[in-house]
Each structure stands twice: as structure tokens, then as C-alpha cells.
Amino acid sequence: IAWPAAAHAEDAAQGAEFVFSDDKITVSPGNAGTGEASGYDIEGTTLTITDSGTYLVSGSCSSGQIKIKKGATGVTLILGGITLTSKDTAPINCGKSSQVSILTQQGTVNRLADAAANNDDNYPNNSEAENAVIKCKDGSNVTIGGTGSLQITAKGKNGIKSGATTDAEGSAS
């Protein structure tokens, strides 16, 4: 995991903006392109990023998740003052062979946490357990940086964990 230069507020205006709450995710498309955002799916309080782009997330959610789909590259996820907890899995899950930059926006405090159930050793029936607050799967390349604050609370097992090395996917970094 590398630590790049700062996230700038103007970067957020180029992509979709998502505000998490306990019952939904509200989206506005940002200022780039046609005004219609794409490259993501929302189901309840789960945001799945499916394509390259810049995505700004903020708000507070006691049971939500951000997933970067397997093979999605060129993804910039800007944490703009988000408090995100997941009850049984990783709040941020970077899929196999994804390329993701997670940047904290200047002047923001961002809090990510999981629950004790995000540990398949202690909860073997939890098929959603990723054993980390930020999970980077096989072959993913994840960069974390910015000038905002990032607080990670791991109650399940790990704060940040990369996937195992496989011949098919390669190692995560």
C-alpha cells in the first residue's frame, strides 16, 4: 500500500457524489460529462463501483459497504467525511485485479469500522466475512493517501489486509 499526494477538493467535482445514511445512499452526478453518472450500482446501503472514475463518499451509515468490482481499474475513491461501519463484512472491499486510489479529502475526518462478526475464525457461518476493514483481494493494487484523517477500527480481525498470492490473479499490493 502506497501513500500518494493529497486529495484535492476539485477532484471530487469530476465524478459522482454519494451521501450515506442508515437507510439509503443519495447520489448526485457531479459536474463532469453529461450530468448523468454511471459506473456504479446501489442496493440499499451498498455502493458497488463497476467502472473507472472519481467517486466522492460522505455521510454516516451504521451498516453499509463500498465494493470495487473485480477488474475495475482507474477508480479514485475520495473519502469526504464519511463514517461507515459494516456489521458482517469489510466496509471497503477492493475486488480481484482492481486498481483503486483511496484518498482522504483535505480537512475531513473519515471513520471506517467493522464488527466482531467480520471474522470467519470466530463466526464460521458468516460467508460475508472478509476479516478486514479494508480488504484488498488477489491482484488488486490499492493506494491510500490524502491530507484528511482516516481512522480505522477493526473489531473483527484486521484493519487493512491484502489477498493471498495466486498464480491466476497475482499478489495484492
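Ring pairs link F18, Y40 and Y55 into a cluster, and that trio is a pleasant place to start a tour of this predicted model. A search of the whole structure turns up 2 aromatic pairs. In one of them, the ring centres of F18 and Y40 are 4.9 Å apart and the planes meet at 85°, so the pair is edge-to-face. F18 belongs to strand 1 and Y40 to strand 3 (residues 40-43), so this pair ties together parts that are 22 residues apart in sequence. Both F18 and Y40 are buried.

**The chain as a whole**

Stepping back, the protein chain has 1 helix and 14 strands. It has 173 residues, and 40% of them count as buried. Contacts across the sequence are well represented: among those between residues at least 6 apart, 64% join residues at least 24 apart. The chain exposes about 8000 Å², with carbon and sulfur atoms supplying 42% of that area.

**Strand 1 and its partners**

Let us return to the strand that carries F18. In a regular strand the side chains alternate between the two faces of the sheet. Strand 1 (residues 16-20) has A16, F18 and F20 on a covered face, while E17 and V19 lie on an uncovered one.

What follows strand 1 in the hairpin, and how many residues lie between the two strands? The partner is strand 2, with 4 residues between them. Strand 1 and strand 2 (residues 25-28) run antiparallel and are joined by 4 bridges; E17 stands opposite S28 in this pairing. With strand 5 (residues 53-61), strand 1 pairs in the parallel sense over 5 bridges, and here V19 stands opposite S58.

Strand 5 also holds L56. Is L56 buried or exposed? Its relative accessible area is 11%, and the cut-off for buried is under 20%, so L56 is buried. The C-alpha atoms of L56 and F18 are 6.1 Å apart in space, although the two residues are 38 apart in sequence.

**From strand 5 to strand 7 and beyond**

Strand 7 (residues 75-85) has parallel pairings with strands 5, 9 and 10, and the table sets them side by side.

| Strands paired | Sense | Bridges |
|---|---|---|
| Strand 5 and strand 7 | parallel | 8 bridges |
| Strand 7 and strand 9 (residues 99-104) | parallel | 5 bridges |
| Strand 7 and strand 10 | parallel | 3 bridges |

Individual residues help to place these pairings in the model. V57 has L79 of strand 7 as its bridge partner. V75 stands opposite V100 in strand 9, and L84 has L112 of strand 10 as its bridge partner.

**The nonpolar core**

In soluble globular proteins, nonpolar side chains tend to be buried together. Here the largest nonpolar core has 28 residues, of which F20, I66 and I102 touch the most other members. The largest share of this core, 5 residues, comes from strand 7. F20 will be familiar from the covered face of strand 1.

Which residues does I102 contact, leaving aside its neighbours within four places in sequence? They are L77, L79, I92, C94, I134, V142, T143, I144 and G145. One of these, L79, is the residue of strand 7 that bridges to V57.

**A buried asparagine in a loop**

Our last stop is N131, in the loop between strand 10 (109-113) and strand 11 (132-136). With 8% relative accessibility, N131 counts as buried. Setting aside neighbours within four places in sequence, N131 is in contact with N118, N119, D120, K157, N158 and K161.

What does the side chain of N131 reach at 2.9 Å? It reaches the backbone nitrogen of D120. The C-alpha atoms of N131 and A116 are separated by 9.3 Å, and these two residues are 15 apart along the chain.

Terms used. Residues numbered from 1 in each chain as written. Predicted model: local features only at pLDDT ≥ 70, side-chain atom pairs only at ≥ 80, totals over all residues. Heavy atoms only, no water. Buried < 20%, exposed > 50% of the residue type's maximum accessible area, 1.4 Å probe, protein only. Pairing = 2+ DSSP bridges. Phe/Tyr/Trp six-rings, centres within 6.5 Å; stacked < 30°, edge-to-face > 60°. Contact = heavy atoms within 4.5 Å. Areas by Shrake-Rupley, 256 points an atom, 1.4 Å probe, with all protein chains shown as cover. Polar contact = N/O pair within 3.5 Å; in protein donor to acceptor, adjacent residues only side chain to side chain. Core = buried A, V, L, I, M, F, W, Y, C linked by side-chain atoms within 4.5 Å.
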